[in-house]
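This report describes the packing, the backbone outliers and the pocket of a single protein chain. The account begins with a helix and proceeds to the core.

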Amino acid sequence: MQTKERIIDFIKKQKTAFIASVDEDGFPNMKAMLAPRKIDGNHFYFTTNTSSLRVAQYGKNPKASIYFYNRGRFKYEGVMLTGTMEVLHDEATKEEIWRMGDTMFYKKGVTDPDYCVLRFTARKARHYCDLKSESFDFA
């Protein structure tokens, strides 16, 4: 039986996250991103461009999922979380999530209008490992 704490520990060790949104035709759209900048309970924080396709899609439909995996030599483990994604523009959150080096992507710094934060709120989880899958509430 997996626990929320065990799942979060697993996620913190991953370098890549896959995030999914829903397009205007109801189809899932997925992309790889850097791992979350912050995890707080069932909230996962990512940075992205305000002008991105995902931001527009989450504005119309907040349903989302995020996926993490580790492919070892003899073992594959994956976790999918489903929930909702919010686009945050408030200065406090943007400053908290900001890292040195982000100016490579956001030339005007933390106040760049093309810089925003995605906050994913997990509701459910599905874990796979050793040929077994398990679903549970994550909130």
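In helix α2, which spans residues 53–60, the buried residues are R54, V55, Q57 and Y58. Because they cover an arc of only 165° around the axis, these four residues lie on the same side of α2. On the other side of the helix, L53, G59 and K60 are exposed. The coordinates discussed here, it should be noted, belong to a predicted model. The partners of the buried residues of α2 are strands: β1 (16–22), β2 (28–34), β4 (43–49), β5 (63–71), β6 (76–88) and β7 (115–129).

Helix α1 can be described in the same terms. Its buried residues are I7, I8, F10 and I11. They cover an arc of only 160° around the axis, and they are therefore on the same side of α1. The face turned away from that buried side carries E5 and K12, both exposed. The cover over the buried residues of α1 includes β3 (38–40), β4, β5, β6, β7 and β8.

**Nonpolar cores**

In soluble globular proteins, nonpolar side chains tend to be buried together. The largest nonpolar core in this model comprises 24 residues, and F44, F46, I66, L81, F120 and F138 have the most contacts inside it. Two or more residues of this core come from each of α1 (4–12), β1, β4, α2, β5, β6 and β7. Strand β7 gives the most, with five residues.

What does F120 touch, leaving aside its neighbours within four places in sequence? F120 is in contact with N42, H43, F44 and F46, with A64, S65 and I66, and with L81, T82, G83, T84 and M85. Apart from the largest core lies another core, of six residues, among them Y45, I97, Y106 and Y115.

**Backbone outliers in a loop**

Most residues other than glycine have a negative phi, and most peptide bonds are trans. D130 departs from a negative phi, with a positive value of about 55° although it is not a glycine. L131 likewise has a positive phi, of about 65°, and is not a glycine either. D130 lies in the loop between β7 and β8 (132–137), and L131 is found in that loop as well. The table sets out the two residues with their accessibility.

| Residue | Phi | Relative accessible area | Class |
|---|---|---|---|
| D130 | about 55° | 48% | partly exposed |
| L131 | about 65° | 77% | exposed |

**The largest pocket**

Rolling a probe the size of a water molecule over the atoms shows where empty space is left. In this model, the largest pocket holds about 230 Å³ of space. Which residues line the largest pocket? The lining consists of K31, M33, L34, A35, R37, F46, T47, T48, N49, D102, F105 and Y106. Both β2 and β4 supply at least two residues of this lining, and the largest share, four residues, comes from β4. By class, the lining contains six nonpolar, three polar and three charged residues.

Some residues recur across these descriptions. F46 lines the largest pocket and is also listed among the residues with the most contacts inside the largest nonpolar core. Y106, another lining residue, belongs to the core of six residues. Strand β4 packs against the buried residues of α2, is included in the cover over those of α1, and gives two or more residues to the largest core.

Methods: Residues are numbered from 1 along each chain as its sequence is written. This is a predicted model: local features need pLDDT of at least 70, side-chain atom pairs count only at pLDDT 80 or more; totals for chains, interfaces and linings use all residues. Side-chain values use heavy atoms; hydrogens and water are left out. Buried means under 20% relative accessible area, exposed over 50%, partly exposed in between (1.4 Å probe, protein chains only). The arc is that of the directions from the helix axis to the C-beta atoms. Contact means heavy atoms within 4.5 Å. A nonpolar core is a set of buried Ala, Val, Leu, Ile, Met, Phe, Trp, Tyr and Cys residues joined through side-chain atoms within 4.5 Å. On a 1 Å grid over the protein atoms alone, a cavity is a set of points where a 1.4 Å probe fits but cannot get out, and a pocket is an open set with protein on both sides within 12 Å along at least five of seven lines; lining residues have an atom within 4 Å of a point. Grid points are joined across faces, edges and corners, and a volume is the space filled by probe spheres set on the points. Ala, Val, Leu, Ile, Met, Phe, Trp, Tyr, Cys and Pro count as nonpolar, Asp, Glu, Lys and Arg as charged, and the others, Gly among them, as polar.
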